[in-house]
Amino acid sequence: MPVTFGERLYQLRKDRDLSQEELAALLDVSRQSISKWENDKAYPEMMRLLFMSDYFDVSLDYLMRGTEAGDGPAAASLSYKAKDLLAVWNTFVSNLSGKQRKLLLVLYALAVCVCLAAIAAFIYGAGYAIGQFIGHVIH
């Protein structure tokens, strides 16, 4: 049976001779949070995962999956297929709350507006430069 995140966290904590209370203080969480993580009842937020990765000097791959970067078939190829990326995107979006989806839609609309503004500015600037060049050539 594969080792879980909680089991890895427990082992890393024990290897450093830390109590749940001490680790909780380092991460600014309750001791109960550490217990839930070690019993695979919950998972920490990304910032805490990053801190633990640095603190225990392990990769996020090891912390979350029990593998190192470069292990296994996934690391053999860095090419991604469009359907794989769409599957990841769909999984990401399906895990968002309604409020987060609305925010994502607003960010998407803002990105589209910024891109359109950049294109318009480029066209205007190019047209202006061409006009200046033609005016300079004619006169």
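In the predicted model, E38 and R13 are joined by a salt bridge in which the closest N and O atoms are 2.5 Å apart. Because E38 belongs to helix 3 and R13 to helix 1, the pair ties together parts of the chain that are 25 residues apart in sequence. Both E38 and R13 are buried. A search of the whole structure returns four salt bridges, among them a contact between the side chains of R31 and E21, with an N to O distance of 3.9 Å. Here R31 lies in helix 3 and E21 in helix 2, so that this pair ties together parts that are 10 residues apart in sequence. R31 is partly exposed, with a relative accessible area of 31%, and E21 likewise counts as partly exposed, at 46% relative accessibility. A further salt bridge is formed by R48 with E45, where the closest N and O atoms are 2.4 Å apart; R48 counts as partly exposed at 22% relative accessibility, and E45 counts as partly exposed at 45%.

As to the overall architecture, the protein comprises seven helices and zero strands, and its elements, read from the N terminus on, follow the order α-α-α-α-α-α-α. Of its 139 residues, 17% count as buried. The accessible surface of the protein amounts to about 10,700 Å², and 64% of this area belongs to carbon and sulfur atoms. When contacts between residues at least 6 apart in sequence are considered, 45% of them join residues at least 24 apart.

Helix 3, which contributes E38 to the salt bridge with R13, has I34, W37 and E38 as buried residues. These residues cover an arc of only 95° around the axis, which places them on the same side of helix 3. The cover over the buried residues of helix 3 includes helix 1, helix 2 and helix 4. A related arrangement is found in helix 2, which spans residues 20-27 and in which Q20, L23, A24 and L27 are buried. Their arc around the axis is only 105°, which puts them on the same side of helix 2. In an α-helix there are 3.6 residues a turn, so residues three or four places apart point the same way. The buried residues of helix 2 are covered by elements that include helix 1 (5-15), helix 3 (31-38) and helix 4 (46-55).

The largest nonpolar core contains 15 residues, of which W37, M52 and F56 touch the most other members. Helix 1, helix 2, helix 3 and helix 4 each supply at least two residues of this core. W37 is one of the buried residues of helix 3, and W37 is also among the residues touched by M52. Leaving aside residues up to four places away in sequence, the contacts of M52 are with F5, L9, L27, W37, P44, D57 and L63. Of these partners, L27 is one of the buried residues of helix 2.

Positive phi values in aspartates were examined next. D17, which is not a glycine, has a positive phi near 55° and is found in the loop between helix 1 and helix 2. With a relative accessible area of 69%, D17 is exposed. Helix 2 is followed by D28, whose phi is also positive, near 60°. D40 takes a positive phi of about 55° just after helix 3, although D40 is not a glycine, and its place is in the loop between helix 3 and helix 4. At 29% relative accessibility, D40 counts as partly exposed.

Toward the C-terminal part of the numbering, a nonpolar patch on the surface is formed by L105, Y108, V112, L116, I119, F122 and I123, which together have about 780 Å² of accessible area. One of these residues, I119, lies in helix 7, which spans residues 98-138. I119 is partly exposed, with a relative accessible area of 48%, and I119 therefore exceeds the limit of 30% relative accessible area that is required of residues in such a patch.

Methods: Residues numbered from 1 in each chain as written. Predicted model: local features only at pLDDT ≥ 70, side-chain atom pairs only at ≥ 80, totals over all residues. Heavy atoms only, no water. Patch = residues over 30% accessible without salt bridge, like charges linked within 9 Å, V, L, I, M, F, W, Y side chains within 5 Å. Areas by Shrake-Rupley, 256 points an atom, 1.4 Å probe, with all protein chains shown as cover. Helix = DSSP H or I, 4+ residues; strand = E, 2+ residues; numbered from the N terminus. Buried < 20%, exposed > 50% of the residue type's maximum accessible area, 1.4 Å probe, protein only. Arc of directions from axis to C-beta. Contact = heavy atoms within 4.5 Å. Core = buried A, V, L, I, M, F, W, Y, C linked by side-chain atoms within 4.5 Å.
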